[in-house]
Every structure is written in structure tokens, then in C-alpha cells.
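Me: I am new to reading protein models. Could you walk me through one, feature by feature?

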Amino acid sequence: MSNRRCTVLICQGTGCISGGAEQIFSSLEEEVTRLNLGESVQIKRTGCHGFCQRGPLIVIEPESIFYSKVKLDDVPEIVQSLLPEGKPLERLFYHDPVTGKPIPHYGDIPFYNKQERTVLRNCGHIDPEDIGDFLAVGGYEALRKALFDMTPEQVIEEVKHSGLRGLGGAGFPTGRKWEACRVAPGEEKYIICNGDEGDPGAFQDRSTMEGDPHSVLEGMIIAGYAIGAKKGFVYVRAEYPLAVKRLKIAITQAREEGFLGKDILGSGFDFDIEIFQGAGAFVCGESTALVLSIQGKRGMPKPLPRPRTAEAGLWDKPTLLNNVKTFANIPLIINRGWKWFASRGTEKSKGTAIFSLTGKVANCGLIEVPMGITLREVIYDIGGGIPGGKAFKAVQTGGPSGGCLPASFLDMPVDFDSLITAGSMMGSGGMVVMDEDTCMVDVARYFLDFTRRESCGQCIPCRLGTEQMFEILDDITKGQGRPEDIELLLELSDAIIHGSLCALGKTAPNPVLTTIRYFRGEYEAHIDEKWCPAGVCRELIKEKGSSPETVGRK
Amino acid sequence: MDKITITIDGSDIVAESGATILEVALKNGIYIPHLCYHPDLKPIGACRLCIVEIDGGKLVISCRMPVKQGMSIKTKSPEIDKVRRAIIELLIANHHADCRDCTKSRQCELLKIATFIRFDRKRARRLRWAKEELPRDTSNPFFDMDPNRCVLCGICVRTCEEIQGVGAINFIGRGYTSKIAPFGDKPLVQSRCISCGECVVRCPVGALVPKNVQRPEREVKTICSYCGTGCGVYLGIRDNAVVSVRGDTDSPVNRGNLCVKGRFGASFVNSSDRLIAPLIKRKGKFTKTSWDEALAVVVDKLAKYKGDQFALLASTKCTNEESYVIQKFARAVMNTNNIDNCARLCYAPTMVALHETIGVGAMTNSISELEKTSCILAIGTNVTRAHPVIGIKVKRAVRNGAKLIVVNPKEIDLCRFTDIWLRPYPGTDVALIMGMSQVIVDEGLLDNAFIEENCEDFEEFRESLEDFSPGRVERITGVSREIIAEAARIYATNKPAAILWSTGITQHSHGTDNVFALVNLAMLTGNMGKPSGGLYPLLGENNAQGACDMGCLPDFYPGYQRVTDPGVRGKFEAAWDVDLNPTPGLAFTETWQAILDEKIKAVYIIGVDPALSIAGSQRVREALRKAEFVVVQDIFFNETAKFAHVVLPAASFAEKEGTFTNTERRIQRVRRAIEPVGDSRPDWEIICELAKRLGGKGFDFSHPGEIASEIASIAPLYGGMSYDRLENESLERLHTPSGKGKFKPLEFRPPTEVPDVEYPLVLTTERVLYRHGALSWKVEGLNILKGKELVEINPRDAANYGIGHGQIVRIISRRGEIKAEVKVTDASLPGVISMGFHSIESPTNVLTNPTLDPVAKTPESKVCAVRIVPQT
């Protein structure tokens, strides 16, 4: 092929960058220039592909050849392979961990082929710093449609019918929130995009903002049109500098192209977006705390009863606050219609869910799956199972306030309501897989250590209760547990859940409650026999063979 | 409010709709435990203790949940108890404290709740108890902050924010390490805390406690003796000493609020510096003597100076009864009208101008009405410093939606709350106010009907406005015409509007004109004789109003009855059974020249320190040196006492009975809380004794109540006053203009000293929060908080003179020079420097200009020309 044209997509997400993807990108460009291949080979940066564990990642289009774990040294060879006589480099292919067979094409990799990447449709495929790429894949068409073919009410109806639920964790019906905000009296209204992804281990909001910022902006502008707001804020944690940078570029480009600012696309509708960087407090992901934070005050949630943010939010004006992914869904719903959106997922949880799959699983990364998929499919098919032949022990979903579910839940469908029934939650979409070497008391201790530090400090059950639970768990893992501690933990959990002011406290005991519910034996081994069955708690490691029979009891 | 019916624990209760469950319960005597709720503050629902069950099982926070018709509430249930008990157990496990050494233990809310829920220590022992001790913040001289006892209810944080608008403290840190501290976890004393102690009185536990607490044996209800606000206080007494001060929540003036001086500044009463025996100067040295001997010397001397060779300078600190007796002594015994009080130095222009225009020299409305006003014009007053409790009301009015216009060359704290801040050059107020009036007339924002019906001389006034074109006003004041117009519009269109002023208006050679200008402005917009709208002159001293009302004035008998009116004189001659001198006397400020001119030879000075407090104070010292006989009667040996021949020890406000009249003309009862310190005596007793020894009639009073009856009989203004009535109430005597208000045409007269080549800067003076004359010097904590005497200077001037922060400079005026440390700040206008006026080390009044207002005889303390020289 003398006139071969190809595009090399190199992931420039935070994960791949930490693996050296920026240098690889520059080196690829230099090599292509040096060989004077500029005509036929295009080097392009993209956002996150999701398969971060295998990064840095390169995809070569049009064939969708997928290279993983690329190193700087591989660059000359990769460029050589692009020459007419070149052949794909098998050694950079993904190899099936079970069969060991190389899989050259992106779509054939099990990690991807069970996914349904709709919100993340553009991540890894377009250059997030180039609005042209976004426009080429139909970007801002939904905005055009909303502005010119739909009334605000129709937009809200569309979102309501779609059944979209807020993807920040709580799953409140998005359309209803929009409607409440639209009918709330007041001239001045605001849109806030919540990008304060505070959970350790969750990075889907970051990846979305980094990889496809325009989808988020487009969703926000449509929301502004629907509820009658002229101003929007993206609240991003300051720990996400790349997301901030990409959003800034996107906002500038969107303004230049007339998608933001005065009289958008000549429709007469004005809307602009500002970035607000949070200071890294977990609790600022809570809507009322986030609003206070933007106002320059200490972010502390406001107690119920209080007006909803939709009625009195930022500066007491009606404010629509949605998660990054919720906004990224909007252009899809407007473009493809509510029926398409509602046709996927389960009856009460429509569309897709995005998880940050991490822990003891072969394929870690960012995944998007239809609601209702089972945990087994996620962990074994997409995740490739537990590495090293170890046994699955538990999966923790929903971030630090989620619960740990044992193997008996592997066939449970993943959706908002099933997870809550099981004692966990969708939450931020973190999903941590644990194998037999994980001590569940230690896990509970770990998560309580997080919440006791991140409690805002104002309400007593949360501030002192989480600290107390941590102290008890810490004692247990050090062999200083007392016989009454399990009951005490349950009592405290109950008081914290019923007494706390906001969801942080109300959900903080979940990791403890679920580990006690499903792994009580491990607690008892720690307390009664001063023995850590998983061999994690240093003070409680004993010789093999001394395992008492209580271990593993459920 | 609509009434609705609800059920609490099975009993039907009628409640006001809109109230919260907790409010209704507490009002009906049903206790629901709570820590973070306080009736003065917005509920935040953080302690979670006040949870109740509503409508069959739902747990809600009762401090935020409004009652609804038919609501059924349970305040006790196993579910509630589980949460409540856990919270209390967690708190106690985390509470590093032993109740036995906590001064709050008797009023501790945590202890109260623990008892209420029958706290079970054995159960709580299952918890991990806190071990780490956190450092206490003991930096404030008056109270300590102990994080180990703190429950983080946030009441202190909200008090600081919602009541004081200061925001000195907040939650800091996160999670279990959260605590309450100033910004950056600095010591409290380095924060913007104003030490008012409002947080200390609201703290439900022992986290914020006053230092050196001594439990009082009893409490005595009386009135604070610092500024003219007249806050009600309870003095706590133990062993004949004042050991505590508590705001009187029933007082219509302060509703329990107090400032740093009022709450923590009473220790002057028991200061070891108090005069405890009469002193006589012999061979240049003072020696202690008996009352008998001291009085004999005074009587012997004064007998020689009867008539106009004698002058008496009265205090604004004494009670009404004392002031009455003092002026009666001067007139009836010494046969002179040379009687004046130190309100001459600050308040006289207000009194004179208001008398002339609206007929009554006092505030036209009550302090409490301020909270409901729609607009406040605060001109020439740093109210949060000089009258901090009135400052609270101003801030509350702003929170309630009132517009605030600040006129002040200095950036004062109130500027943070203002809609518009006008920053004129010192001494240009007449031009500024006339400029505003001009805008109001031009734009038709005036209240024609009010003017027509209630005012005179409007046409003359309107003509005089023509001299105040926007351009000229802008040139004189340095404030742009747009801002002046905007301020005029805000003032004229938000009604009712109140005007607050104090010495920034009066201490000028044209102070009376300044007040005229303000009266004109109020009448022009009809802001007179209306609730919450009108004139609010703020008096600096606790009984400045009373001293004037009682006739400690050279031209007025008690109740503003003119000395020159033969009918009035006849009445007093009959009542006092004596012939009275028909000639008006000399003003406080004219006395010194008269001494130097040898017209006055003996001077009797009560509770005032002219050697320090009068502009151009060297001349006063010179006069004091020259006088043949000087008596000083005071609670402390002040600067003036050094020049005395006899010094008589007076009793403080805590040691006597009587009444004070505050700045809103409320007559309030002052009660004896302790026996007079040492050999000191109440002023009225001393004066009555002297009068009797000098052959005076009508001084046989055995109790101030008898004096009060005489006042009521002879001064119609105080006609209704009797101690029986004052026992449980105060008497509000407000006067709206009767008859017609007079407009005053005005011209602009610049200050008598303006900057020139030799003296290129303007010096202005201002109050320091922690200072209030001699009393505050004797309070150690106030001295600590006050810090050094500073001269504030704009960065531009500092650069011009090549001086920096912390440097010592000499400040020189035509009359003298002093030294002070420099503070470089934008709060000062370029070309204007400012200083406090309370320091002995840097006595600012050495520099200030003694030129008097021609009518009110008040010196121009607020503006003089100076130069500064860096000390080498």
C-alpha cells in the first residue's frame, strides 16, 4: 500500500501519562517527522481508554490495532510498522491472560467487548483538546437540536422519559430535578457540574472530563437552556490539573465556536461556564457543602429539613447540580431520543453504569456497562478474574461508604436498588475486588480511617462516631479487640446512620456493617483467638496449621 | 401568627405556626436535649441530640423542623435514646475533663443532658476514651479556649458571625481533628476577635470560660458606667469586690449583649490604684489625711472664692442626683453659674443645634428601633468601637435589609457592611451634607408635605443650598459627585432612615453647623417623628445626657430652663431659698483662659481629667498651675490631680445609688453593689457635706431618692421620675419635635487649621475599642489588648516620609509634639494621619487645636495640621 493513511491514537489520560505517554507522544511525532511520514500518518492524543492497567495504550486506526504497555523504546519500531511494508507488532498486543493468545484488535479484547461505552464513547477516540474532533463525531448537534427544535419543557420531558438517574451516587431521577429547578421561582439560576470526585480509587469523572470535556459542557449548556440558567460552574478538585486544563481549553474553544457565551448559535440564549477548583475535601462532593465551597465558605453540609438545592442553592438561587457523567449522558439522550436510552439497563436503572474497577482483578481500569449486568460478568469477563489463581473474597462498591459483598452476590445484577438492598451502593462507582489474602477487618478499618478524616466535623455522630469505630477496628487488628466490640460496632453504626446530618455519616458504617454481616467469623478470629485468618494484620499472624475452625464461618 | 395544635408526648399543645418543634417544646416546659441550639442563633442541627420522632417513627431534628397542624411528636423512644445515648457517650469519652475543676460545671449543658438520659459510665467504658491532650489557647487576657472540653456545637462560631459580624473563629481542620480556632490556628489574641465575650456567655460547656472565675455571692442589677449606651448589667459581688459582670437580658437597651469593656472591664472598681483617702498637698507633696481635715481646708478656701471667681467642672460619669447636687452647690452655695460638664468637649454642638432646631437636645428615637430601620447614615462615628452594643444593632439592621451609608475619612469596621462609603477630607461635612441635600432637592426626593406641615425657614435653607454645586462639593470634600448623589438617593428613598453621629461631627470649630446640616437632611426627607427614623446622636459617656439634663451647664438650670429667664430664676430662687447669680457662666473650655486672665481663681474638678482630655492641653496645665486653689474629686489620682491642692476620693458607680440617663434618654437605676472602697465617698455625699459646711440650705439628703424627688418637682423634663417607678423599669423619655422644626441655612467654613507647607498633614483622632479614659487604664486586660499607641498613616505618605511600620516618629503641631509608633495602613486617607486620644505616653491632645465652636464652645479636636519627623 503506497498511499496508506493511518492515525495513531495515543492515550493521554492521567494513568498513561504517569507511564510516560507524553514522552511517547512527542517521540512518535518526531519520528514521523524525521521519516517524513506527515502525509500519511497522523499522531493524535486522546483521553482515557479505560484499560489503565495496561497503559500506556496506543490504538492504530483504521484497523483498531491495540498496543498496550508501550515504552519509549518501542517508538521507532511502531513507526516502522506503519510503513507500507510494516507489520503490526505482535509483542505489543494484548495477550489473553488465560489462553496466552495475542489479541490484536481493540474490539476483541474481553475487557472491552462486554462493555457498552456510550458515556465514554469518545474517550480514547477523539482529541480532547481539539473541538474539531468532537464536532466531527457529531458534537454539539444535540445542543443545536435542543435550541432550535425543542422547547425547554420538551428537553426536560425527554430527560424525564429517559429514566436517567443521577450518576453521582444517589441516583435521583435527573428529569425531576431539572423540572423542579425550572419551576422554582427566580430569574437567576445556576448549573453546577459536580466533578469533585473524592473517593479513593474512583476516576471516572476525571477520565470523562479529561477525555471528553465537550460532552460535559454540551450537557451543561442544554441543562442551562432547559431550566433557564445563564451561568454554570464546573466544580473540579484541584488534584485534577489535567481535567482543569482540558476543560479550560474546551471552554475557550466552545466560546470561539459560539457554543458558549452570548446568543449561542444565534438562538438568543446566553450561557457561560466557569471552572471552580475545590480544595480536596471529600465532603464537598455533597451538594450543599459544594455550594458553600463555591461561595467561598467552609464546605459543610446543611441539615434537613432545608430547601432543595434546586430551589435554593448557590447564593440561595435555584441551582441544578448534576454529576459529570449525568451531564455527559444528556447529548446522547437528546440526539438519540429517550426511547433509545430507556431501552437499555433495568426497569428502574436505565442506561449504563461506569465503574473504576480496581483491586485484585486481572484487568483494572475504567469500564462502562449496561445497568443490570452481574458482578460476575464485571469481575470475571471484563475484569478477567482474580490473578494468581487466588479465590475471590469480596467486592466493595460505591467508594469508602459502600459495602463489601461476598461471593454469594456475584450473580446479583448491578443497579442502584439491588446494591442498596445488599448493603452497598452505586455511590461514586468505585469497585474494589478483594481476594482471599484480604483481611476484611483491615478493609473496614481502612475505609473508616478515610471517613473519620473526611467527616466535615460539625455533626457529632459522624465526627466522633467514625473516629470511635476506627479506634475499635484499629484495636481489633492489633489484637486488642474486646469481646463486646462487635456489638458495640453495630450499636455505633446504628446511631451514626440514624443520627448523622448528611449522607457521609449515614453511609460511613456500611463497610463495617457489611463485613460484620458477611465475614463475622473474621472479626471473631481477631478478637477471640487473636488471629488474622488472611494473614494481614501484623500482630495477629500465626503459624500455618493453627487455624481454628471458626474461620470462614458466615 | 396562626395557632395550630400539635401533640407532644401525648399532650395537646397549641403552637404558633412557623415555630420549630424544639421552640414549642421548650416554651411549654418540655425539655429536649440540645447542645448546638441557641435561641439567639439560626439552628444548624449539628449536635443531633434534639432528634424526635414525628408521625409514627420518622426521626427528625427538632430544632429545624417546623410544627405542622396535627403533628404528633414523641420526644422519647428507644430509637431516639439509642442515638442520643451514643452521642453523649461519644462526647464524654472524647471530653478530656474533670467536672470538679471545670468552672462551668454548674451550668454545663453536657452534664445536664448526661443526667437527663441517665448516663451509664459502665456502658461508656466500652468506648475508646481520648488520650491526647490538645493545647489550650490562653492568649486572650479575659478568657480561655479549651479544645479538650469543646463539643464543637459551633455556637461560638455563629455568635461571632451572626451577632457580631466579626467571624474571628471557625471550624478548622477536618474529621476527628476538627476544632474551633481563629484563621490559620493562630492564638485568639492575634485574630480579629474583639473580645466581646458573647461567645463565652453562650458556650454550653467549659470550652470558653472567663479567666480567674470567682463565683459571686450575690448579684446586683445596675447600669454599665463606660459609654452612653447604658447597658443593663448584673455585677457579681464577693467580699466587697466586683468579680463578674453579666449582661441583663431583660434590659431593653442591650438585651444581654455587652462589649469587652462592659463585660470584662469592671475590675477598675477594685483597682489598687483607687484613691482611698483624702490627700492634701503640703510643700509640693501629697499626704493622706482625714475627711474632716480635708473638708475643713476646702471649706476654708472656698469661702473666700464665692461668686464668679469660682468654677466647678462636673463629670459625665456621676449620677443624675449627683449632677443635680453639684450644680445646685455651684449656684446656690458658691453663687456662680460657672458650672459646666465635660460633655462640652464632645456633645455640646449636638445639644445646642438640636435645641435650636427641634426644641430638644437628644436622640429622637430609641436604640431598639434601629434594628427595624430601612437606612442608616453613620457619619463621624466609629460605632462598633465607641458604642459596640449599638454597633451590634446597626449590623443587625443591615442583616435585616437596611441600607447602610458610612461617611468617614477612615476605613472603619462598619465599612465591611456598607452599601456605600463616602470618604471626605476631615472637616468638610457641611459641604458633603449640603451636597446631598442639594441632590435631594434637585431630584425632587424631598418630603414636601412634611416640610410644609412641620418646618420653618425652608426657603432660606433652599437658597443657601445654591452655594453647594456638585463641582464645589466635590472639590471641598474629595468625594465624587456621583457617589454623593448615590448616597443622597439611598438616604432619601429608603424610609425610615436614621442618622447616627458622634464626635466626628461635633469636635470641630463648626460642629454646631455640622449638626444643623444633619437636622436639615432629616427634615428634608421627613425622617422625623417616625418610628425607626430620625436622629441618633451617640454620647460617649454613661451620663453625659444626665449631666446636661441636670443643669451642669453655665446657661441652663436643670431641665434646660434658662438662667437668663427671670421667671425661671425666680422659681429656682424660691425652691432653693437663695438669691441666684443672673449671669450665665463660662464654659468648661473657656475656664482656662479665665484662670490665666485671673478672673477665676479657684476651680473644683469632679471626675474629669482636663490636663489630658482637652485640645491644646498644655494651656490647661498652665492654667492649673496658676490657679490659687484646685480641688480634684475622683476615683483615681489622674493627671489633673497632680495640680490639685486637695484631692478627694470619690466612690465609683458600683458603690452608690442613683440614676443614669443614657444616650436615648432612658433613665435607669444605678444600685450600690459594694461598700465604697477605702475611705471614698459618693460624690453627692461629699458635695452635700461641703455645702452644709459652707452654710448652704437644702442639702440635707439622706438618700439619692430624695434628690430625685426634688429633681422631679423642679425640672418638668424629669417630672415622672421616682425610685419606686424605677425599681423594675426604666423611663424612656423620647421627644419628637413639638411645634415646628427649623431649617438652618448654612455656609461651608473650613477647619481653622488646614495643611500648609510647614504642617502638611491633617491629624484626626479616634476612639480605641479597648480604651475609655482613666477607667480602662486600670484594667490590665484592656491594656494588653490595646497594645501600643499607634499613629496610622497611609502607605503613600509613609513612602513620602521614608517611614515604615513600627518606626517611632515625632508628631509636631503648632502647639507641641509627641512621639508614637507608626502603623502603615490604607485605612488612613493620603494626607491624613490618625491617633487615639487616650494615652498618657502619647497625649494626643497636646497637638490638637483648641479653637472653639463659636456657639457650643467645643474645641476642634478632630482636625489639626501637623508634620511628622522620623525619630533618629
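**Reading the model**

Reply: Let us start with one helix of this predicted model. In α9(A), the buried residues are Gln204(A), Asp205(A), Arg206(A), Ser207(A), Thr208(A), Met209(A), Glu210(A) and Gly211(A).

Me: What does the burial of helix α9 of chain A tell me about its surroundings?

Reply: First the general idea. An α-helix has 3.6 residues a turn, so residues three or four places apart point the same way. Now the case here. Helix α9 of chain A covers residues 204–211, and eight of the eight are buried, so the rest of the structure largely encloses this helix.

Me: How is an interface sized, and what is the area buried between chain A and chain B?

Reply: The accessible area lost when the parts come together is often given as the size. Between chain A and chain B, about 3100 Å² is buried, and carbon and sulfur atoms give 56% of that area. Arg298(A), Pro305(A) and Ile460(A) supply 19% of what chain A buries against chain B, more than any other three residues.

Me: How many residues are in contact across chains A and B?

Reply: 42 residues of chain A touch 34 residues of chain B, counting heavy atoms within 4.5 Å.

Me: Which helix and strand counts does chain B have?

Reply: Chain B has 30 helices and 39 strands. Its radius of gyration is 29 Å, close to the 29 Å that the globule rule gives for 872 residues, so chain B is as compact as a globular protein of that length.

Me: What share of chain B is buried?

Reply: Buried residues make up 63% of its 872 residues.

Note on methods
Residues are numbered from 1 along each chain as its sequence is written. Chains are lettered from A and ligands numbered from 1 in the order in which they are written. This is a predicted model: local features need pLDDT of at least 70, side-chain atom pairs count only at pLDDT 80 or more; totals for chains, interfaces and linings use all residues. Side-chain values use heavy atoms; hydrogens and water are left out. Helices (H or I, at least four residues) and strands (E, at least two) are DSSP runs, numbered from the N terminus. The radius of gyration is taken over C-alpha atoms; the globule rule is 2.2 Å times the number of residues to the power 0.38. Buried means under 20% relative accessible area, exposed over 50%, partly exposed in between (1.4 Å probe, protein chains only). Buried area is the accessible area (1.4 Å probe) that two parts lose on being put together, summed over both.
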